[in-house]
Amino acid sequence: MGDRHYFPSKSGPGDDRAWDPYEDATQHLVGLLQMLGVTTVAEVGCGYAGITDTIARALGPSVTIYAIDIDPDAFVRTQERGALPPSVIEVVQDVYQLMLPCKVDAVVCRFFLLDLAEPLEALRAMRNCLRPGGHLILLEPITSTGRVGEHVVAADTTEILHPDIGVRLVDLLEAIGADTIELASCTPIGMGASVVGRYLGAMTGVDPAPTAFVALPTLVSAWGYTTATTNLSTLERSLL
Ligand SMILES: C[S@@+](CC[C@H](N)C(=O)[O-])C[C@H]1O[C@@H](n2cnc3c(N)ncnc32)[C@H](O)[C@@H]1O
């Protein structure tokens, strides 16, 4: 994955979770998964500094989590990164060829679709791993909302293909036939010296002054369920 100048997923030293300024969005995701009563979850594009560990620990050992990434390095554990709970099954796979041992109750991703050449294709593959009525839960940013003071923090558009994909999540979910779509958002703010400012520095190389106002990109959570598991639904065909 390397040190890319984008949001996120470079870890800070030590406990990654202590560095997650999007913790509120993560907790919202956990609450949603608990409310849905899931027993199997696939997290696609999990990376190595993400939310897998938090989700797995919160949901407990009876919930199987397939953590999927195309990059085998995502699963190299270090002392700082620690071992993942045994309920997490690591899978090196390309989302476009996603195949799991069973249909799952929920597929989630965070900071994933924004980098993909074909986000709709990826969502189709993710949908095909869901059991009928299973949920897709997408956490993706509106990168252009990032600020230091009044200045917009520019996205590195050579790395990020869809910097504002957060505003397209409803359309994307509708396009794959998802129903009952709901939305939430999280915009971490803080001063330059706070975890928010340090996170901005780690992600972009922009080091804000200690008392500068910092707003990280808004992270949009969008979720819906789908009864379609294979082939294009009539609804999908009519929308494309
Ligand atoms: C920006 S990181 C996000 C990591 C994590 N979800 C988080 O929120 O911190 C995107 C991840 O998607 C993975 N990825 C990119 N293309 C992929 C693909 N086609 N299939 C599966 N994973 C992919 C990358 O290797 C990387 O780990």
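1. A residue is called exposed here if 12 or fewer other C-beta atoms lie within 10 Å of its own C-beta, and buried if 20 or more do. That cut-off settles the case of T180 in this predicted model: T180 has 10 C-beta neighbours inside 10 Å and therefore counts as exposed. T180 is found in strand β8, and its phi is positive, about 50°, although T180 is not a glycine.

2. On the overall build, the protein contains six helices and eleven strands, and of its 240 residues 43% count as buried. Among contacts with a separation of 6 or more, 77% are between residues 24 or more positions apart, and several of the points below give examples of residues that are distant in sequence and yet touch.

3. Helix α1, residues 23–36, has 14 residues and spans 20 Å from its first C-alpha to its last, close to the 20 Å expected at 1.5 Å a residue. Its buried residues are A25, T26, L29 and L33. These four lie on the same side of α1, because they cover an arc of only 100° around the axis. The exposed residues G31 and M35 are carried on the face turned away from that buried side.

4. What covers the buried residues of α1? The cover includes one helix, α2 (52–59), together with the strands β1 (40–44), β4, β5 (130–142), β8 (179–186) and β11 (218–226). At the other end of the description, α1 is followed by G37, whose phi is positive, near 65°.

5. The segment before α1 holds Y22, which counts as buried because 24 other C-beta atoms lie within 10 Å of its own. Y22 and P188 are 166 residues apart in sequence, but their C-alpha atoms are 6.5 Å apart in space. Leaving aside residues up to four places away in sequence, Y22 touches P188 as well as C186 and L219.

6. Strand β5 deserves a careful look, since ten of its 13 residues are buried and the strand is mostly covered. It is joined to β4 by six bridges, the two strands running parallel, and in this pairing A106 stands opposite H135 in β5. Nine bridges join β5 to β11, and here the strands run antiparallel, with I142 standing opposite T218 in β11. Taken with the helix α3, the strands β4 and β5 make a right-handed β-α-β unit.

7. Which residues have the most contacts inside the largest nonpolar core? They are V44, V107, M126 and L136, in a core of 52 residues. The strand that gives the most to this core is β5, with six residues. In soluble globular proteins, nonpolar side chains tend to be buried together.

8. The contacts of L136 can be listed in full, not counting residues up to four places away in sequence: L136 touches V107, M126, R127, L130, L173, A178, W223, G224 and T226. Apart from the core to which L136 belongs, there is a second, separate core of seven residues, which includes V153, V196, L200 and L216.

9. The loop between β4 (104–110) and α3 (119–127) is the place of L114, which is buried because it has 24 C-beta neighbours inside 10 Å. From C-alpha to C-alpha, L114 and P141 are 7.7 Å apart in space, although 27 residues separate them in sequence. Beyond residues up to four places away in sequence, L114 touches E140, P141, I160, L161, H162, P163 and I165.

10. Is F111, in the loop between β4 and α3, buried or exposed? F111 counts as buried, since 24 C-beta neighbours lie inside 10 Å. Its phi is positive, about 45°, although F111 is not a glycine. A reader checking the backbone may set F111 beside T180, which also has a positive phi, about 50°, without being a glycine; F111 is buried, whereas T180 is exposed.

Notes: Residues numbered from 1 in each chain as written. Predicted model: local features only at pLDDT ≥ 70, side-chain atom pairs only at ≥ 80, totals over all residues. Contact = placed C-beta atoms within 7 Å. Expected span 1.5 Å × (residues − 1). Arc of directions from axis to C-beta. Pairing = 2+ DSSP bridges. Right-handed = clockwise from strand over helix to strand, strands pointing away. Core = buried A, V, L, I, M, F, W, Y, C linked by C-beta atoms within 7 Å.
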